[in-house]
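Trainee: Got a minute to go through this model with me? I'd like to start with confidence and then look inside.

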Amino acid sequence: MSRQVRAASLAVTLLAGAMMGSAWAATPMVAVAPQYDTSHVYVAPAEVERFAQSFLATFGGKSTPQVVVNVLPVPSSTTSQLLQTPAGTVSLFGFTTPIPHPFGQERNGYLVKDMDVALKAARENGAAVIVSDFPDPIGRDAVVQWPGGVNMQLYWHTKTPDYAAFQTVPENRVYLSADRFIKAFVGFSHGKVIADDKQAPGVDVGQAGGMYRRVDIESPFGRMAVLVTNGQLPYPFGHETTGYQVADLTATLAKATGSGAKVLVPSFDSKRRRSALVEFPGGYVAEIHQLTAAK
């Protein structure tokens, strides 16, 4: 390849990158507010009531009435309800039919102002739409996959819901072995990186004595912790998709175990937080933490 051809190729590559960066910066803001981010929890029908009782006993709050409905674009049936707590909201499903692929693999649902605009923005920021938008009983839904294989559901309601703001905003915990995801999601969410710790203590991810990279993002959708690791994670790290912030971890763990949950990883201290991992009835694993003085 001649020097001129290489130079022309490089110029085209740089121009394409600049155009992509410009497109990412230009996509509209589609988020509504953090309290409309719900963690998706799938449990066996026999565990639905036990899970709901334990989760609400742990964090407080209330459940919407349970309904039996088809929430997917193909034939299926599930119980469905929202568990709304001061520390985070759960969309709880108890499917009585097999769960069609790829549902059950999405970690959460984000409410958007306009589904068509949101899907266009997601694509322009590097996401793949792996389930095209479809109607549900109260609006529209779609599933997108971000670089790194992170699946999220986007949803839009015919009538915008009105939920109280969280007392503490939960963090969406994303485990990756590389960080291509960060630029894509920040562009889509109109978020910002508020911390990038390349030497975070490995105890956070079950690797005491080691280090990993932790990137904290805040956006109109809420909080996110991107955990860039070597992928060598002991159980149950990586199974938790949401971290719930509480004022008193010890008291919260007592409520959890008193209502049927199990502590899988006892409380441990790290930078500016004390954390534990808990499994609720039905198998849902959650990280729970309280903030502490800086160390």
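Mentor: We'll take confidence, then the cavities, then one serine.

Trainee: What pLDDT does the protein average?

Mentor: This is a predicted model, and its average pLDDT is 91. At least 70 is reached by 91% of the residues.

Trainee: Where is the pLDDT below 50?

Mentor: Over residues 1-24. Beyond near neighbours in sequence, that stretch has eight contacts in the model.

Trainee: OK, cavities. How many of 30 Å³ or more?

Mentor: Two. The largest has a volume of about 70 Å³, and the second largest holds about 50 Å³.

Trainee: Which residues line the largest cavity?

Mentor: Asp 37, Thr 38, Ser 39, Gly 88, Thr 89, Asn 108, Pro 170, Glu 171, Asn 172, Thr 241, Thr 242 and Tyr 244.

Trainee: And which elements supply at least two residues each to that lining?

Mentor: β1 (37-42), β5 (88-95), β10 (171-176) and β14 (242-245). The largest share is from β1, with three residues.

Trainee: How do the residues of that lining divide into nonpolar, polar and charged?

Mentor: Eight are polar, two are nonpolar and two are charged.

Trainee: Now the second largest cavity. Which residues line it?

Mentor: Its lining is made up of Arg 173, Asp 204, Tyr 212, Arg 214, Phe 268, Arg 273, Ser 275, Leu 277 and Glu 287. Two or more of the lining residues come from each of β12 (211-219) and β16 (273-279).

Trainee: Which element gives the largest share there?

Mentor: β16, with three residues.

Trainee: And how does that lining divide by residue type?

Mentor: Five residues are charged, three are nonpolar and one is polar.

Trainee: Different topic. Where is Ser 259 found?

Mentor: Ser 259 sits in the loop between α5 (249-258) and β15 (262-270).

Trainee: Is Ser 259 buried or exposed?

Mentor: Buried. Its relative accessibility is 11%, and the cut-off for buried is under 20%, so Ser 259 counts as buried.

Trainee: What is Ser 259 in contact with, leaving aside neighbours within four places in sequence?

Mentor: Gln 53, Ser 54, Ala 57 and Thr 58.

Trainee: Which side chain makes a polar contact with the side chain of Ser 259?

Mentor: The side chain of Ser 54 does, at 3.0 Å. So Ser 54 turns up twice for this serine: in the list of contacts and as the partner in that side-chain polar contact.

Trainee: Fine, that covers my list.

How values were computed:
Residues numbered from 1 in each chain as written. Predicted model: local features only at pLDDT ≥ 70, side-chain atom pairs only at ≥ 80, totals over all residues. Heavy atoms only, no water. Helix = DSSP H or I, 4+ residues; strand = E, 2+ residues; numbered from the N terminus. Buried < 20%, exposed > 50% of the residue type's maximum accessible area, 1.4 Å probe, protein only. Polar contact = N/O pair within 3.5 Å; in protein donor to acceptor, adjacent residues only side chain to side chain. Contact = heavy atoms within 4.5 Å. 1 Å grid on protein atoms, 1.4 Å probe; cavity = no way out; pocket = protein on both sides within 12 Å on 5 of 7 lines; lining within 4 Å. Points joined across faces, edges and corners; volume = space filled by probe spheres on them. Nonpolar A, V, L, I, M, F, W, Y, C, P; charged D, E, K, R; others polar. pLDDT = per-residue confidence, 0-100.
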